[in-house]
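Trainee: I would like a close look at a single part of this structure, taken slowly and with its surroundings in view. Could you choose one element, walk me through its packing, and then place it within the rest of the chain?

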Amino acid sequence: LEELQWPDGEQEVPISVCSLPCKTGERKKKVKGMPCCWICELCDGYQYQYDETSCRLCAYNMRPNSNRTACQHIPIIKLEWHSPWAIIPVFLAMIGIIATIFVMATFVRYNDTPIVRASGRELSYVLLTGIFLCYIITFLMIAKPDVAVCAFRRIFLGLGMCISYAALLTKTNRIYRIFEQGKQTVTAPRFISPTSQIAITSSLISVQLLGVLVWFAVDPPNTIVDYDEQKTINPMLARGVLKCDITDLQIICSLGYSILLMVTCTIYAIKTRDVPEDFNEAKPIGFTMYTTCIVWLAFIPIFFGTAQSAEKLYIQTTTLTVSMNLSASVALGMLYMPKVYIIIFHPELNVQKRKRSFKAVVTAATMSSRLSQKPSERPNGEAKTELCENPAADPMSEYTP
């Protein structure tokens, strides 16, 4: 036996079987016509070795272990506070909250000064509350999902924007009605008092709250673990994503009413763009709404364009929170920071203007509009003259009926 020569110079006696035993995680696949022979096949994907001849698929929330002899639970993840995807929106939100509190404190401290009164104190506090809630939603979107967090997300996701744009829409509608009616009559339009403005704003906000209540009744808040979002080809990289049971469509529907208010407010801002800047906040509100529209036009393609991405949770959460932070910052910066600057650094400008009648205010505004036209466009060949006085306040905040 020792003198036998085996092929390829082998010294050992060849194994007298057709096929070698399969390794762990491999199944035997019989060779047709050769009952004693087989081919070893690896249990691939999310399969594990069930017995010598078969592989089975793991449950949807499980994956095979390293040697594919059994299944194990897929790790569950969520958006962490220390993640780069969370750090940026949280930083923006914290800066925004500090700035909002500073503005509100300034307004409260100088509540009876002309600039604060002229800005419409009641609606200003409502608007600042909405801006504050826009920043707060960042922390709810990043917090670990549970039933309470999911419920608060539903409530505040669209509420901050709704409050902000309801207040801005009420402001622009008021300005529009004042100067449109002023072209026809010297009688002040109805529902322009602070109480009326709060009532109108509250009515607009109640629509959003009613929608949220219906949402709660139809589909109570809950958490889910999404195993499909990050189910990669390599099962070792698979993760389950813990999140609230809110679909992309539901998020857009929750924001839809606020976006409708935003668009309507932008339309009124365009209609009042020719109103003299010295008489009201039409132009700052207009710039605020134009910028906000640009922010949300950029948000939509990013939000839906990443729906199939493995990083969907992170990208969409960051995009949504940053968009809301930017919207709030634009309103805060354009509408209130200039007022706070004057109140603190130029108190000499924060003085009482002479009260004027509604007729005088509208007449002066109409004259200013005409004087801004080209000479050829002025009716009856009017010559350009200068107004004697331009009040810095909103016209209806200082008029005497």
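Mentor: What follows is a close reading of helix 1 and its neighbours, with a few other elements of the chain added afterwards. Please keep in mind throughout that this is a predicted model, and that every value quoted is computed from it.

To set the scene, the chain contains eleven helices and eleven strands, and 44% of its 401 residues count as buried. If one takes the contacts between residues at least 6 apart in sequence, 68% of them join residues at least 24 apart.

Helix 1 covers residues 84-109, which gives 26 residues in total. From the first C-alpha to the last, helix 1 reaches 38 Å, close to the 38 Å that would be expected at 1.5 Å a residue. Its buried residues begin with A86, P89, V90 and A93, go on through G96, I97, A99 and T100, and end with V103, T106 and F107. Which elements do the buried residues of helix 1 pack against? They pack against helix 2 (114-118), helix 3 (121-142), helix 8 (312-335) and helix 9 (337-345), and the last two of these deserve a separate description.

Take helix 8 to begin with. The axes of helix 1 and helix 8 come within 9 Å and cross at roughly 20°; since angles under 35 degrees count as roughly parallel, helix 1 is therefore roughly parallel to helix 8. The crossing in which helix 1 passes helix 8 is left-handed. On the side of helix 1, the contact is made by W85, P89, L92, A93, G96, A99, T100 and V103, while helix 8 contributes Y314, I315, T318, T321, V322, N325 and L332.

Helix 9 meets helix 1 at another angle: the two axes come within 10 Å and cross at roughly 50°, so helix 1 and helix 9 are oblique to each other. This crossing, too, is left-handed. The contact involves A99, F102, V103, T106 and F107 of helix 1, together with M337, K339, V340, I343 and I344 of helix 9. Comparing the two lists, one finds A99 and V103 of helix 1 in the contact with helix 8 and again in the contact with helix 9, and both residues are among those counted as buried in helix 1.

Another helix offers a view of a single buried position. S164 is found in helix 4, which spans residues 147-182, and because its relative accessibility is 5%, S164 counts as buried. Leaving aside residues up to four places away in sequence, S164 touches L127, G130, I131 and C134.

As for the strands, three of them form an open sheet in the order 7-9-8, with mixed pairing. The edges of that sheet are strand 7 (76-77) and strand 8 (223-230), each of which pairs on one side only. Strand 7 pairs with strand 9 (residues 239-244) in the parallel sense over two bridges, and I77 stands opposite V241 in strand 9.

Elsewhere, strand 3 (residues 47-51) and strand 4 (residues 54-57) run antiparallel and are joined by four bridges. These two strands form a hairpin with two residues between them, and within it Q49 stands opposite C55 of strand 4.

Note on methods. Residues numbered from 1 in each chain as written. Predicted model: local features only at pLDDT ≥ 70, side-chain atom pairs only at ≥ 80, totals over all residues. Heavy atoms only, no water. Expected span 1.5 Å × (residues − 1). Buried < 20%, exposed > 50% of the residue type's maximum accessible area, 1.4 Å probe, protein only. Contact = heavy atoms within 4.5 Å. Pairing = 2+ DSSP bridges. Axes fitted to C-alpha atoms, helices over the stretch in contact; angles between N-to-C directions. Parallel < 35°, antiparallel > 145°, perpendicular 65-115°, else oblique. Left-handed = near helix turned anticlockwise from the far one by under 90°.
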